Amino acid sequence: MAETVDEANQMMRLLRRLTSLTDATLAVAGEVLAEFDLTVSAASLLCALDPSAETPTMRDLSRQMRCDPSTISLMADKLDRSGLVERRPHPTDGRKRTLALTDRGVAVWAALSRRLSETSALTVLSAEERQTLEELLTKAQSS
């Protein structure tokens, strides 16, 4: 089914808004990450480690972050040296390794999450609107 001109224009407007929001978000996030002396890649891995969730395997993280397992390993090395994460044996499969936040990592994760939340352009949205946006973005990403 062919798109109408109006639909194509709407799509372009949406793409421009998403790009603009992404650019603004990355600029502000860069400033926040500098406060924590974190690179974007290290912060991405740190943020992927939810302190309230089960510790993921390195392979799970590489799939989640859509990158090579060796990249996860390099980022994990850096965060390990900083005392933010530690590798642990998988609880049921000794061939696998998980990556867990240390106590210091949990504190930095919480502070970083707080700062990124405070500086986000999404603060103008209500909790309900953020939930809807998350659902829509998840739907768009899954296609």
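Two residues are in contact when heavy atoms of the two lie within 4.5 Å. By this criterion, in the predicted model described here, residues 24 or more positions apart account for 48% of the contacts with a separation of 6 or more. The protein has 6 helices and 2 strands, and these follow one another along the sequence in the pattern α-α-α-α-β-β-α-α. The C-alpha trace spans about 55 × 35 × 25 Å along its principal axes. Of the 143 residues in the protein, 22% are buried.

The largest nonpolar core contains 21 residues, and those with the most contacts inside it are Leu-38, Leu-45, Leu-46, Leu-79 and Leu-99. At least two residues of this core are supplied by each of H1, H2, H3, H4, S2 and H5. The greatest contribution, 5 residues, is made by H2. The buried residues of H2 are Ala-42, Ala-43, Leu-45, Leu-46 and Ala-48. These buried residues pack against H1, H3, helix H4 (69-81), strand S2 (97-101) and H5.

Two of the core residues illustrate this packing. When neighbours within four places in sequence are left aside, Leu-46 is in contact with Leu-38, Leu-79, Leu-84, Leu-101, Gly-105, Val-108, Trp-109 and Leu-112. Leu-38 is located in the loop between H1 and H2. Residues under 20% relative accessible area are classed as buried; Leu-38 therefore counts as buried, because its relative accessibility is 12%. With neighbours within four places again set aside, the contacts of Leu-38 are Leu-33, Ala-43, Leu-46, Leu-79, Leu-84 and Leu-112. Leu-38 and Ala-76 are separated by 38 residues in sequence, and their C-alpha atoms are 12 Å apart in space.

The two strands were examined next. Strand S1 (residues 85-89) pairs with S2 in the antiparallel sense, over 5 bridges. Within this pairing, Glu-86 stands opposite Ala-100 in S2. S2 is mostly covered, with 4 of its 5 residues buried. Thr-98 lies in strand S2 and has a relative accessible area of 1%, so this residue is classed as buried. Not counting residues up to four places away in sequence, Thr-98 touches Thr-55, Pro-56 and Thr-57. Its other contacts on the same count are Glu-86, Arg-87, Arg-88, Pro-89, His-90 and Pro-91. In general, the side chains of a regular strand alternate between the two faces of the sheet.

The largest pocket has a volume of about 1,500 Å³. Its lining consists of 31 residues, of which Thr-25, Leu-26, Leu-122, Leu-137 and Gln-141 lie nearest the centre of the pocket. Two or more lining residues are given by each of helix H1 (5-35), helix H2 (40-48), helix H3 (58-65), helix H5 (103-119) and helix H6 (127-142). The largest share of the lining, 10 residues, comes from H1. Divided by class, the lining has 16 nonpolar, 12 polar and 3 charged residues. H1, H2, H3 and H5 thus appear among the elements that line the pocket, and H1, H2, H3 and H5 are also among those that supply at least two residues of the largest nonpolar core.

Methods. Residues numbered from 1 in each chain as written. Predicted model: local features only at pLDDT ≥ 70, side-chain atom pairs only at ≥ 80, totals over all residues. Heavy atoms only, no water. 1 Å grid on protein atoms, 1.4 Å probe; cavity = no way out; pocket = protein on both sides within 12 Å on 5 of 7 lines; lining within 4 Å. Points joined across faces, edges and corners; volume = space filled by probe spheres on them. Nonpolar A, V, L, I, M, F, W, Y, C, P; charged D, E, K, R; others polar. Buried < 20%, exposed > 50% of the residue type's maximum accessible area, 1.4 Å probe, protein only. Core = buried A, V, L, I, M, F, W, Y, C linked by side-chain atoms within 4.5 Å. Pairing = 2+ DSSP bridges.
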